[in-house]
Amino acid sequence: MPTSETPTASLVEPGQHGLKKHSDGGWGLAPVQTRSARFASFEHSDFPVITGREAVWKLSPVAKFADLLDGELDGSPFEFSAAEAAGVTVSWIDRDDARIGSAGKPEERASANAWTNFEKALLISVTGEDAKELTLTRSTLGAAARAAHIVIEAAPFSNARIVLENAGDARITENVEILVGESANLSVISVQQWNDGAVHLANHFSRVGRDAKLKHIVVSLGGEVVRVNPTTHLAESGSDVEAFGLYFADAGQHLEQQVYVHHDAPHSRSRVNYKGALQGEGARTVWIGDVLIGPKATGTDSYEQNRNLVLSEGTRADSIPNLEIETGDIAGAGHASATGRFDDEQLFYLQSRGIPEEEARRLVVRGFLSEIIQQIGSAPLEERLQAVLEAELTGPVL
């Protein structure tokens, strides 16, 4: 039967504690007062061994990716393809480049393992005010455990859409840093269409500058375990993020996203909207949304929501929106979460106009998910994703 965890207005569960490393190298429990107080480090060895009971891991199938948490990783540059686009350059940079680490720091062991092991980072650099688009595709990563690091830098006043396409086999843990300069307008779309056995753990760290806008979209459709966790730091006045997500979990799939938006500057704005569908025995989705409005973030306007549509028995959707406000001077803030079955009234309406039940169900699901696809802004990619969803809906339910 489908389940959904009860939303809470607190970022800290009752009795929840964080790990604190002492000067003697040992670990102790310390209360975590805010989302931003979580322990963070670039070094894998600074994190304790995962038990599966930790707040960031308790809903994840950690046994399925133990090699990515602690094993030896191939951190060499990976193969990719990317068509040339005016105003966008793609190149490899060394670990000591000043941009690496400027958007965020790992807060969990898989992210730190990737950070410790990557040899070079792939830099996608965007300049120029004219709108432009670049698609970077990875489809030959293979089944060996791998670490990776990507940096996307949008220069001040630049305008671009960057699509990260993932397909084929993979066992990868990676970090993606997104730097959005003053008054830049950047869209980053991450599409996971991996083969059935693939495992993908990713942490996206974004820093949004003054009067800049980031649209961040996560689409997860393929892979055995896909865990994409976006963190956005609204660091300067007028910064803006729209974070969207679309996922469709089939039998045995685990699709997870832990979204964090930190309003750290005045007059910042955020909108978070993730939608998912589940069908088949053992289909599992996890969505955790954290919004922290800091004491300096006066005039903040924020809203987050998650909606899940259950298409069969034997599925589970966990949906946990969290909101913490540390200033009384805001424009607005709220959150919502819902998990349910088909709307019987919609089905009845369509069937009463001669549409067969199965076709009516597909129309309802397509309508539910299309809201996210339409945010992408690239017609060819939108059409392809619509076709993938259609294939999902017409396939067998296992």
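**Close-up views of a predicted model**

**View 1. Strand E10 and the strands that pair with E10 are shown in this close-up of the predicted model.** Val163 stands opposite Ile189, a residue of strand E10. The strands E8 and E10 are joined in the parallel sense, over 10 bridges, and E10 also pairs in the parallel sense with E12, over 9 bridges. In this second pairing, the bridge partner of Gln193 is Gly222, which belongs to E12. Strand E10 is mostly covered, since 8 of its 10 residues are buried.

**View 2. An open sheet of 9 strands includes E8, E10 and E12.** Read across the sheet, the order of the strands is E3-E6-E8-E10-E12-E14-E16-E18-E20, and the pairing is mixed. At the edges stand strand E3 (81-82) and strand E20 (332-340), and because each has a single partner strand, one side of each is left without a neighbour in the sheet. Further along the order, strand E16, with residues 269-278, runs parallel to strand E18, with residues 301-310, and 10 bridges join the two. Arg269 can be found opposite Asp301 of E18.

**View 3. Helix H5 lies across four strands, E8, E10, E12 and E14.** The helix consists of residues 379-394, and its direction makes an angle of about 30 degrees with E10. At 1.5 Å a residue, the 16 residues of H5 should span 22 Å, and the end C-alpha atoms are 23 Å apart, which agrees with that expectation. The buried residues of H5 are Leu381, Glu382, Leu385, Val388, Leu389, Glu392 and Leu393. Seen down the axis of the helix, the buried residues of H5 fall within an arc of 135 degrees, so they line one face. The face turned away from this buried side carries Pro380 and Glu383, which are exposed.

**View 4. Another open sheet of 9 strands has E4 and E19 at its edges.** Its strands follow the order E4-E5-E7-E9-E11-E13-E15-E17-E19, with mixed pairing. Strand E4 (88-94) and strand E19 (316-325) each have a single partner strand, so one side of each is left without a neighbour in the sheet. From one strand to the next, the twist averages 10 degrees. Within this sheet, strand E11 (residues 199-208) and strand E13 (residues 225-234) run parallel and are joined by 10 bridges, and the bridge partner of His204 is Pro230 in E13.

**View 5. Helix H2 packs on the sheet, where this helix touches strands E7, E9 and E11.** The helix comprises residues 109-117, and its direction makes about 85 degrees with that of E9. Because 7 of the 9 residues of H2 are buried, the helix is largely enclosed by the rest of the structure. These buried residues are Arg109, Ala110, Ser111, Ala112, Asn113, Ala114 and Trp115, and what covers them includes helix H1 (66-70) as well as E7, E9 and E11.

**View 6. Leu214 is among the residues with the most contacts inside the largest nonpolar core.** This core has 51 residues, and the others with the most contacts inside it are Ile124, Ile152, Ile162, Ile178, Val180 and Leu186. Leaving aside its neighbours within four places in sequence, Leu214 is in contact with Ile178, Val180, Leu186, Val188, Ser206, Val208, Asp240, Val241 and Glu242. A second, separate core has 23 residues, including Val219, Ile372, Ile376 and Leu381. In soluble globular proteins, nonpolar side chains tend to be buried together.

**View 7. Arg284 belongs to strand E17 and is compared here with Gly238, a residue of the loop between E13 and E14.** Arg284 has a relative accessible area of 18%, which makes it buried, whereas Gly238, with a relative accessible area of 23%, is partly exposed; the cut-off is that buried means under 20%. Not counting neighbours within four places in sequence, Arg284 is in contact with residues including Leu59, Leu278, Arg316 and Asp318. Gly238, with residues up to four places away in sequence again left out, touches Asp211, Ala212, Pro266, His267 and Ser268. Gly238 and Gly299 are 61 residues apart in sequence, and their C-alpha atoms are 9.7 Å apart in space.

Terms used
Residues are numbered from 1 along each chain as its sequence is written. This is a predicted model: local features need pLDDT of at least 70, side-chain atom pairs count only at pLDDT 80 or more; totals for chains, interfaces and linings use all residues. Side-chain values use heavy atoms; hydrogens and water are left out. Two strands pair if DSSP finds at least two bridges between them. Contact means heavy atoms within 4.5 Å. Axes are lines fitted to C-alpha atoms, for helices over the stretch in contact, and angles run from 0 to 180 degrees between N-to-C directions. The expected span of a helix is 1.5 Å times one less than its number of residues. Buried means under 20% relative accessible area, exposed over 50%, partly exposed in between (1.4 Å probe, protein chains only). The arc is that of the directions from the helix axis to the C-beta atoms. A nonpolar core is a set of buried Ala, Val, Leu, Ile, Met, Phe, Trp, Tyr and Cys residues joined through side-chain atoms within 4.5 Å.
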